[in-house]
Amino acid sequence: MFSDGSGQGGRAYHGGMAPTQTLADLFMKGMNGVHRTVLTLSGGRLLNSFGSMKVVELHTTGRTSGRRRSTMLTAPIHDADTYVLVASKGGDDRDPDWYRNLVADPAIELTVDGETRPFVARVASDSEKAELWPRIVEAYRGYAGYQARTDRNIPVVICEPRRT
């Protein structure tokens, strides 16, 4: 086994993650890219919603790199000005990177139906989450299963228009 100076026999290469988590992360990133490509090539006509949930492309600033990061997500609750996102990561015990990025810098952009607009993101309070959660699960039952799968309190993020 190689030494990487961590004293952990090279395990730091996986950032403390089990190999299956690394594969799951790579799979999700790949699917995210496929989704973005289909949405782009179809002019937004295909894969722009999932049931009643609107598909959005979230743009954040990387908390360590400072680079623009983008990911495709669904918004189980939305209206003309507000989008609610769920940082479920499929019930993983870790918060998704996009969530950690927007906590570090809440000035985000959302692309919806081909239009990119500035928003500010904030984590819902416990009382706001309690009010929103039944509506979130109504939009997609899988969120309840994700929460049952992890001890992590899955964050709910409220995105509201940024006033410039």
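**Exercise 1. Find which residue stands opposite Leu58, and place the partner in its strand.**

Leu58 stands opposite Leu110, a residue of β6. This is a predicted model, in which local features need pLDDT of at least 70, side-chain atom pairs count only at pLDDT 80 or more, and totals for chains, interfaces and linings use all residues. Residues are numbered from 1 along each chain as its sequence is written, and side-chain values use heavy atoms, with hydrogens and water left out.

Next, look at the strands (DSSP runs of E, at least two residues; helices are runs of H or I, at least four residues; both are numbered from the N terminus). β2 pairs with strand β6 (residues 107-112) in the antiparallel sense, over 3 bridges. Two strands pair if DSSP finds at least two bridges between them.

**Exercise 2. Follow β6 into β7: how many bridges join them?**

Step one: β6 and β7 run antiparallel and are joined by 6 bridges. Step two: Val112 has Glu115 in β7 as its bridge partner. Step three: the hairpin of β6 and β7 has 2 residues between the strands, and Asp113 takes a positive phi near 55 degrees there.

**Exercise 3. Work out why the pair of Tyr83 and Phe119 is classed as it is.**

Start with the count: the structure holds 5 aromatic pairs. Rings of Phe, Tyr and Trp (its six-membered ring) pair if their centres lie within 6.5 Å; planes under 30 degrees apart count as stacked, over 60 as edge-to-face and the rest as tilted. The ring centres of Tyr83 and Phe119 are 5.8 Å apart and the planes are at 80 degrees, so this pair is edge-to-face. Tyr83 lies in strand β5 (residues 83-86) and Phe119 in strand β7 (residues 115-123), so the pair ties together parts 36 residues apart in sequence. Finally, both Tyr83 and Phe119 are buried (under 20% relative accessible area, with exposed over 50% and partly exposed in between; 1.4 Å probe, protein chains only).

**Exercise 4. Describe the aromatic pair of Tyr143 and Tyr146.**

First, the geometry: Tyr143 and Tyr146 are edge-to-face, 5.9 Å centre to centre, with 80 degrees between the planes. Second, the location: both lie in helix α4 (residues 142-149), 3 residues apart, about one turn of the helix. Third, the accessibility: Tyr143 counts as buried at 5% relative accessibility, and Tyr146 counts as buried at 18%. Last, the wider setting: Tyr140, Tyr143 and Tyr146 form one aromatic cluster.
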